[in-house]
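Me: I've got a structure open and I keep tripping over the vocabulary. Can you take me through why things get the labels they get?

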Amino acid sequence: MEIIMEKPIKEPKILDSVIDTSLKKTHKIAVNGAKVWYGDFEAIKGIDMTIKANTVTAFIGPSGCGKSTFLRLFNRMNDYVDSFRMEGKIKIDGNNIYKKKVNVEELRKEVGMVFQKPNPFPKSIFENVAYGLKIQGIKDKKFINDRVEKALRQADLWDEVKNDLKKSGLALSGGQQQRLCIARTLAVEPSIILMDEPTSALDPISTAKIEQLIFELKKKYTIVIVTHNMQQASRISDYTAFFYMGELIEYDKTKIIFTNPSIKQTENYITGRFG
Amino acid sequence: MRKIKELIIEKSLLSSALVTIAVTLGIILVLAIEAFRFFSEVSIFDFFTDTQWTPLFTEKHFGILPLLSGTLLTSFIAIAFALPIGLSISIYLSEYAPKAFRKSVKPLLELLAAVPTVVYGFFALVVVTPFLQEIIPNLSGFNSLSAGIVMGIMIIPYISSLSEDALHAVPDSLREASFGMGSTKFQTAFKVIVPAASSGIIVSIILAISRAIGETMIVAIAAGQQPRLTLDPTVPIETITAYIVQVSLGDVQHGSLEYRTIFAAGITLFVFTFLLNTLSYRIRKKFQEKYE
Ligand SMILES: Nc1ncnc2c1ncn2[C@@H]1O[C@H](COP(=O)(O)OP(=O)(O)OP(=O)(O)O)[C@@H](O)[C@H]1O
Ligand SMILES: [Mg+2]
């Protein structure tokens with residue numbers, strides 16, 4: 001059984017001591033004492049957390065509480081922010097990804113990311129999906145073709161685009177573009193997929209498609225998704241983490257968070273009585 | 001009262017626009033009329049096939065090819081010199097350099113385009129040519145090589161600055177996407193950002209070519225005044241622009257056939273730069289559609 005669901009967690013401080021992040025082999029991601037600063041501003045104030053393989057974990061919380069910052073720690077995307085500084089350990093499959101020796105490019109092949117606004121490259125649909133393979137130096141045409149088709153099928157886009165793979169990715173609708181971005185991420189076969197509000201720019205039908213997709217994908221991937229949509233979090237995630245002002249307030253099975261949260265702030269937030 | 005004021009402003013803006021158009025049309029009209037008169041005496045076929053240009057000699061030939069080759073040769077050298085440097089600078093500034101560095105270096109580079117071309121011409125003649133003569137002993141005092149190189153220096157900012165604008169305009173979301181896929185900085189720059197900005201980069205190159213073709217002072221001073229159909233960069237040549245200057249400043253009688261050659265040469269030049277500008281306009285329009 002997971003430690004995090006043993007007991008309702010009353011305070012983050014208890015969480016710190018209960019979780020021994022370094023030992024759990026079943027944990028895909030283990031965060032230990034993570035703190036983040038942008039300049040003098042402390043955006044993440046010491047978070048411990050573990051995420052199990054093949055689950056969907058939702059990050060919720062009010063705007064500016066640090067969800068994106070925390071999520072982007074997992075593929076080191078914050079590294080590009082000049083004022084960014086962090087402390088603590090983030091282990092993926094047991095390896096601290098902030099160690100000096102870590103090859104960030106290799107890490108990102110393992111930890112894919114889907115962004116808030118669909119951002120396909122201004123290239124053909126095929127080239128978009130093949131991009132990750134090509135930058136790895138893969139030349140085998142048949143291999144690439146197969147992977148592209150597989151990824152597009154997994155992203156439930158194949159039937160819609162199979163006849164015009166040469167068309168620009170930008171010519172697709174917003175929802176299709178986002179599925180293209182998911183396919184692009186899947187093509188390199190990462191084990192973790194990070195999604196930062198992947199449906200916030202999409203219509204309800206496209207959103208439903210992507211939610212369905214996430215449900216399918218968790219069989220093979222570990223998914224962490226940031227969302228402002230409470231229904232979405234409750235529909236698709238197995239675990240939900242509630243953040244507030246740079247702290248992890250409550251983290252539990254989604255069912256528990258949404259039916260019987262143990263902390264008042266969480267309850268206020270999910271019922272919309274926040275702030 | 002306010003209405004009248006607005007009306008006056010509107011009308012004066014409109015009239016300055018109309019004056020500009022009228023002047024442009026007037027120039028084209030004069031060019032066309034004089035060129036038409038020229039071609040009533042010299043056949044267009046000879047103009048484009050004769051390999052000699054000697055309108056000022058007793059034995060007259062009116063073949064534009066030597067002037068054209070001079071223009072294209074110096075422009076080609078200029079672009080060959082400016083393109084790799086300009087593009088490297090733009091990619092470095094946009095994708096690698098710290099923001100503060102970019103902000104201070106870009107205006108400095110643009111200064112290159114603000115140096116009077118007569119200074120460049122002299123620089124080519126009295127600095128670059130003697131220097132190159134150390135390496136290439138049989139280089140003539142007037143030649144297309146040093147004129148082309150110095151013209152290249154002059155047009156570097158056209159390429160670097162406009163390309164940098166195009167690269168910089170590529171949304172950061174594409175950089176994030178590329179880094180997120182595990183690309184290195186180099187892969188991101190060359191496989192995502194440069195292709196995404198390609199139309200803007202091409203436009204910058206076309207404008208630079210256009211500028212090189214129309215450049216007068218540098219070639220008039222440093223490349224010589226000897227119309228010659230050649231691809232040899234070490235010998236004196238003459239460009240279309242340099243020829244026009246030569247005749248305009250000379251004592252050729254107005255209204256004579258010799259005088260009209262400058263209009264024939266001028267309209268050839270005009271057609272070239274017009275085509276290039278149209279091309280860049282088209283590309284720019286297509287580029288806009290892509291991001292809308
Ligand atoms: N690049 C940055 N430089 C400085 N401060 C930043 C930067 N990015 C984020 N912050 C700050 O860090 C805090 C957390 O930001 P973050 O984007 O992680 O919040 P979020 O929970 O994802 O919010 P939202 O729901 O609006 O996306 C905010 O106060 C924000 O202003
Ligand atoms: Mg966010």
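Reply: Sure, let's start inside one helix. Glu106(A) and Lys109(A) both sit in helix 3 of chain A, three residues apart, which is about one turn of the helix. Keep in mind that this is a predicted model.

Me: Why is the pair Glu106(A) and Lys109(A) called a salt bridge?

Reply: The closest N and O atoms of Glu106(A) and Lys109(A) are 3.6 Å apart. The cut-off for a side-chain nitrogen of Lys or Arg and a carboxyl oxygen of Asp or Glu is within 4 Å, so the pair counts.

Me: And what are these two, buried, partly exposed or exposed?

Reply: Lys109(A) has 14% relative accessibility, so it counts as buried, the limit being under 20%. Glu106(A) is at 46%, so it counts as partly exposed; exposed would need over 50%.

Me: Which salt bridge joins chain A to chain B?

Reply: The side chains of Arg72(A) and Glu176(B) meet in one, at 2.4 Å from N to O. The count between chain A and chain B is one salt bridge, while the count over all chains comes to 26. Arg72(A) lies in the loop between helix 2 (67-71) and strand 4 (84-92) of chain A, and Glu176(B) lies in helix 7 (residues 172-180) of chain B, so the pair joins two chains.

Me: What makes Arg72(A) buried?

Reply: Its relative accessible area is 16%, so Arg72(A) is buried, the cut-off being under 20%. Glu176(B), at 24%, is partly exposed.

Me: How do you know how big the contact between the chains is?

Reply: The area buried between chain A and chain B is about 1,700 Å², and carbon and sulfur atoms give 63% of that. Pro122(A), Tyr131(A) and Ile135(A) supply 29% of the area that chain A buries against chain B, more than any other three residues. By residues, the contact takes 21 from chain A and 19 from chain B. There are also six residue pairs in polar contact across the interface, with both residues at pLDDT 80 or more.

Me: Which element gives the largest share of the side of chain A that touches chain B?

Reply: That's helix 4 of chain A, with four residues. The residues on that side of chain A divide into 11 nonpolar, three polar and seven charged.

Me: What makes strand 3 of chain A "mostly covered"?

Reply: Five of its five residues, 56-60, are buried. Val56(A), Ala58(A) and Ile60(A) point one way, and Thr57(A) and Phe59(A) the other way. That fits a general pattern: in a regular strand the side chains alternate between the two faces of the sheet.

Me: How do you know that strand 3 of chain A pairs with strand 8 of chain A?

Reply: Strand 3 and strand 8 (residues 222-226) of chain A share four bridges in the parallel sense, and pairing takes at least two, so they pass. Phe59(A), for instance, has Val226(A) as its bridge partner in strand 8 of chain A. Strand 3 of chain A also pairs with strand 9 (residues 239-244) of chain A, parallel again, over four bridges. There, the bridge partner of Ala58(A) is Thr240(A).

Me: What about the open sheet in chain A, why are strand 2 and strand 5 called edges?

Reply: Four strands form that sheet in the order 2-1-4-5, and the pairing is antiparallel. Strand 2 (41-52) and strand 5 (95-96) of chain A each have a single partner strand, so one side of each is left without a neighbour in the sheet. Strand 1 (residues 27-38) of chain A is joined to strand 2 of chain A by nine bridges.

Me: What is the secondary structure of chain B?

Reply: Chain B comes to 12 helices and zero strands. Chain A has 11 helices and 10 strands.

Me: Last one: what does the salt bridge of Arg102(B) and Glu164(B) tie together?

Reply: The closest N and O atoms of Arg102(B) and Glu164(B) are 2.5 Å apart. Arg102(B) lies in helix 4 (residues 99-111) of chain B and Glu164(B) in helix 6 (residues 144-168) of chain B, so the pair ties together parts that are 62 residues apart in sequence. Both Arg102(B) and Glu164(B) are buried.

Definitions and conventions:
Residues numbered from 1 in each chain as written. Chains lettered and ligands numbered in written order. Predicted model: local features only at pLDDT ≥ 70, side-chain atom pairs only at ≥ 80, totals over all residues. Heavy atoms only, no water. Contact = heavy atoms within 4.5 Å. Buried area = accessible area lost by both parts, 1.4 Å probe. Polar contact = N/O pair within 3.5 Å; in protein donor to acceptor, adjacent residues only side chain to side chain. Nonpolar A, V, L, I, M, F, W, Y, C, P; charged D, E, K, R; others polar. Buried < 20%, exposed > 50% of the residue type's maximum accessible area, 1.4 Å probe, protein only.
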